[in-house]
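Work through the exercises below with the sequence and the model at hand. Each task is followed by a stepwise solution.

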Amino acid sequence: MALDQETLKQFVDTVRRYVRERLIPLEDQVADEDQIPEEVINEMKDMGLFGISIPEEFGGLGLTMSEEVAIIQEMGYTSPVFRSMFGTNVGIGSQGIIMDGTSEQKAKYLPLMASGELIGSFALTEPDAGSDAGSVRTSARLDGDEYILNGTKRFITNAPRAGVFTVMARTGTREEGGRGVSAFLVDAGLPGITLGKPDKKMGQKGSHTCDVIFDNVRVPRAALIGGVEGQGFKTAMKVLDRGRLHISALSVGTAKRLIDESVLYSTERKQFGTEICNFQLVQAMLADSQTEYYAGKCMVEETARAYDAGEKVSLQAASCKLFCTEMVGRVADRAVQVHGGSGYISEYCVERFYRDVRLFRLYEGTSQIQQLVIAKQLIREASEQTA
Ligand code: COS
């Protein structure tokens, strides 16, 4: 649903105020305790954040991509772990069902995901399959009316809280690559599912990932997304197109925060008898960050508009992910530089953000995978024109 401009503005303002008044003051606590307070999770549920992308008929807010991008930029202004708590429900954890699920699968899972009662996680990555998403080894063997799943999934965001996993598993042969992969909705409480130890990450404390191990897990045939084998890779790619745009919006929001922190610091910190913002070399860093932030924002908003217009945006989404996640890395680096020695001290939030944003260039496809997606499409388009 496209919200009218006034309603959208009110929602964006509400999220902006919530981020500034409620979440930013909690950032250090969440990082220190590696835990988001339960009451905050409940507040985010009450605000409808878990269901922003889920259609209204299933209890979500049914925002368009442009609207989602506006909200996620606001969320990017604070520690990314808050967004991560509901991010899988909005993106990779629910979109496979929304895009390719049967009406029974939608009715069973989406309302619970929209309210935040059920956390959905996306289980694609494996110890030996990350960038090469078509090479997953987790197997799903049909046995009567059930599939039996075996394998290990790695770095699964929100796995410790998940109620359902979208699992990419091989129903075909290894030689079939992506064509032999199917997507399954696997309830987390099923016998044979165990979780590995929580991963000790570089940053993003408060967001939890771990291995998920499937040992002869029996799921009904009805767990196969869309009821069709061999479509899992394509489902994953479509989900990731959208996810990449979402992460780009997040990167843009975080860049804005880092710029604001840098400007503020530079107007307070004095050296050589004046505020450091008066030095042109400092101004150059601020200007470069602002320019790159603005470029990223324009790209993301334009691609979201194209997505809403029904255009295929794989190339644009990959371009956004490549540019915006690399951009926020540079902006974070400059933010530390503007803060000087203080930027290396955890008392200033730029130190934490510097570590947190490093993940953006890795998950939902590394920068190198985005380059590959972009170049492949350019080459395909060129060969179609000459054919
Ligand atoms: N939307 C719909 N379909 C898509 C698609 C998309 N964005 N991208 C690819 N496909 C389809 C192709 O059309 C092709 O279909 P056919 O078999 O009918 O021709 C099929 O999927 C295979 O496509 P392709 O040959 O391009 O796939 P590759 O195996 O070459 O791999 C990459 C493509 C490397 C880009 C893919 O594996 C990838 O994105 N890897 C990164 C995965 C990732 O992000 N991992 C992070 C963990 S998830 S949080």
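**Exercise 1.** In this predicted model, find the element that holds Ser-121, decide whether Ser-121 is buried or exposed, and list its contacts.

Solution.
- Step 1. Ser-121 sits in strand 1, which runs over residues 120-123.
- Step 2. The relative accessibility of Ser-121 is 0%. Buried means under 20%, so Ser-121 counts as buried.
- Step 3. From the side chain of Ser-121 to the backbone oxygen of Thr-157 the distance is 2.7 Å.
- Step 4. With neighbours within four places in sequence left aside, Ser-121 is in contact with Gly-93, Ile-156, Thr-157, Asn-158, Ala-159, Ala-162, Val-164, Phe-165 and Thr-166.

**Exercise 2.** Place Ser-84 in its element, classify its accessibility, and name the residues it touches.

Solution.
- Step 1. Helix 5, residues 80-90, contains Ser-84.
- Step 2. Ser-84 has 4% relative accessibility and therefore counts as buried.
- Step 3. Not counting residues up to four places away in sequence, Ser-84 touches Thr-157, Asn-158 and Ser-207.
- Step 4. Thr-157 and Asn-158 are also among the contacts of Ser-121.

**Exercise 3.** Which domains does the assignment give for the protein chain, and how many residues of domain 1 are in contact with domain 3?

Solution.
- Step 1. The assignment gives domain 1 (5-115), domain 2 (120-230) and domain 3 (239-386).
- Step 2. Taken over C-alpha atoms, the centres of domain 1 and domain 3 are 21 Å apart.
- Step 3. In domain 1, 23 residues are in contact with 28 residues of domain 3.

**Exercise 4.** Describe the shell around the ligand by residue, class and element, then locate the ligand relative to the domains.

Solution.
- Step 1. There are 22 residues around the ligand, and those that come nearest are Ser-131, Arg-179, Lys-234, Asp-241 and Lys-376.
- Step 2. By class, nine residues of the shell are nonpolar, five are polar and eight are charged.
- Step 3. An N or O atom in the side chain of Lys-234 is 2.7 Å from an oxygen atom of the ligand. For Arg-244, a polar side-chain atom lies 3.0 Å from a ligand oxygen atom. For Ser-314, a polar side-chain atom is 3.3 Å from a nitrogen atom of the ligand.
- Step 4. On its own the ligand has 1,000 Å² of accessible area, and the protein covers 69% of this.
- Step 5. Helix 8 (232-268) and helix 12 (367-386) are the elements that give two or more residues to the shell. Helix 8 gives the most, with seven residues.
- Step 6. Both domain 2 (120-230) and domain 3 (239-386) give residues to the shell, so the ligand lies between them.

Definitions and conventions. Residues are numbered from 1 along each chain as its sequence is written. This is a predicted model: local features need pLDDT of at least 70, side-chain atom pairs count only at pLDDT 80 or more; totals for chains, interfaces and linings use all residues. Side-chain values use heavy atoms; hydrogens and water are left out. A residue is near a molecule or strand if one of its heavy atoms lies within 4 Å of it. A polar contact is a pair of N or O atoms within 3.5 Å; within protein, one must be able to donate a hydrogen and the other to accept it, and residues adjacent in sequence count only if both atoms are side-chain atoms. Accessible areas come from the Shrake-Rupley method with a 1.4 Å probe; for residues, only the protein chains shown count as cover. Helices (H or I, at least four residues) and strands (E, at least two) are DSSP runs, numbered from the N terminus. Ala, Val, Leu, Ile, Met, Phe, Trp, Tyr, Cys and Pro count as nonpolar, Asp, Glu, Lys and Arg as charged, and the others, Gly among them, as polar. Domain bounds come from an automatic or database domain assignment. Buried means under 20% relative accessible area, exposed over 50%, partly exposed in between (1.4 Å probe, protein chains only). Contact means heavy atoms within 4.5 Å.
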